[in-house]
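User: Could you take a close look at one spot in this model for me? I'd like to hear where the residue sits, how covered up it is and what surrounds it, plus anything useful on the aromatic rings.

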Amino acid sequence: LDMICLHDECTWKGTCGRFDSHLDKDCPHEPIECTGEGGCGARVPRREMATHQQFVCLQSCPNSKIKAQGSDGETLDTCDVRLSRNDLIDHLINHCKLRLIHCPHPSCEYSTAYNRMPAHVEVCPLAPVSCPRQCNAPNLTRGCLVAHKGDCPNEPVPCVHAPLGCSHVAPRGQIGQHEQDIGVHFVALSKAFVQLQQSHGQLIGQLQEMFKQNLQVQTKQFEEGQQAFVQLQERLKVVEARLEDHTTLLQPLVLEAKAKA
């Protein structure tokens with residue numbers, strides 16, 4: 001017995017034994033449950049399921065199931081956005097806060113999540129920077145600023161004759177002219193010499209006072225030691241006298257003991 005499909009739009013005709021199979025597997029108009037990754041459970045005609053899953057059924061961002069990691073191994077947050085499959089690709093490429101991106105500085109190989117990159121950019125050692133002294137040096141990066149400071153012609157430096165008393169400070173590129181000024185440094189040297197003489201006199205006075213105090217201490221210690229030595233000599237004489245007395249008393253007894261033997 002031939003049968004027709006339950007759905008008016010369907011032109012299927014077949015035997016009774018194939019009716020259930022037609023509805024379960026083939027009929028484009030039969031409502032079926034959405035089993036896509038989004039798992040929304042909606043019942044949609046079979047022929048419209050692909051469109052439903054592509055444009056209607058919401059799916060979770062892949063970063064909601066796995067934790068993204070930066071190039072330094074840092075574990076990041078998860079993304080809880082749900083979108084249609086059609087919009088998900090654009091989300092992953094252009095909008096997901098956890099999409100991995102590379103540092104915008106050409107020489108830096110660091111990569112991390114989009115929402116973590118601003119923190120890196122603020123401290124990236126390869127970020128191009130300008131000299132804070134405005135010397136217009138080319139190709140400076142944040143990481144080489146310390147080294148550049150030792151060469152920058154605009155960096156203030158002290159005069160090479162500072163140990164001699166010159167307190168002048170000028171940009172590195174201009175300090176040479178000052179250092180060649182003999183008259184200025186003769187005056188500075190004279191002042192430094194006078195100060196050195198005063199310091200020398202003070203040191204001599206301090207050394208003499210220390211020597212005097214040390215001599216007094218040594219004299220006192222010598223006198224105390226000498227007094228202790230005399231006391232020991234006196235005690236030794238007492239001990240020797242007692243030893244002689246005991247020897248005198250023991251001698252007859254020793255002789256008597258030998259005679260009896």
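Analyst: His7 is buried, because its relative accessible area comes out at 18% and the cut-off for buried is under 20%. Keep in mind that this is a predicted model, so to speak a computed picture throughout. As for where His7 sits, look in the loop that runs between strand E1 (2–4) and strand E2 (13–15). Now for its company: if you skip the neighbours within four places in sequence, His7 is in contact with Leu23, Cys27, His29, Glu30 and Pro31.

On to the rings. Searching the whole structure turns up one aromatic pair. The partners are Trp12 and Phe19, with 6.2 Å from centre to centre and 50 degrees between the planes, which makes the pair tilted. Like His7, which is buried, Trp12 and Phe19 are both buried.

There's another ring to look at, this time with a charge involved: Arg99 has its charged end over the ring of Tyr114, 3.9 Å from the ring's centre.

For a contrast with the buried histidine, try Asp87, which belongs to helix H3 (residues 85–95). Asp87 is partly exposed, because its relative accessible area is 39%, and partly exposed covers what falls between 20% and 50%. If you want a partner from elsewhere in the chain, go to Gln59: Asp87 and Gln59 are 28 residues apart along the chain, and their C-alpha atoms are separated by 9.6 Å.

Terms used:
Residues are numbered from 1 along each chain as its sequence is written. This is a predicted model: local features need pLDDT of at least 70, side-chain atom pairs count only at pLDDT 80 or more; totals for chains, interfaces and linings use all residues. Side-chain values use heavy atoms; hydrogens and water are left out. Rings of Phe, Tyr and Trp (its six-membered ring) pair if their centres lie within 6.5 Å; planes under 30 degrees apart count as stacked, over 60 as edge-to-face and the rest as tilted. Buried means under 20% relative accessible area, exposed over 50%, partly exposed in between (1.4 Å probe, protein chains only). A charge sits over a ring if NZ of Lys or CZ of Arg is within 6 Å of the ring centre and within 35 degrees of the ring normal. Helices (H or I, at least four residues) and strands (E, at least two) are DSSP runs, numbered from the N terminus. Contact means heavy atoms within 4.5 Å.
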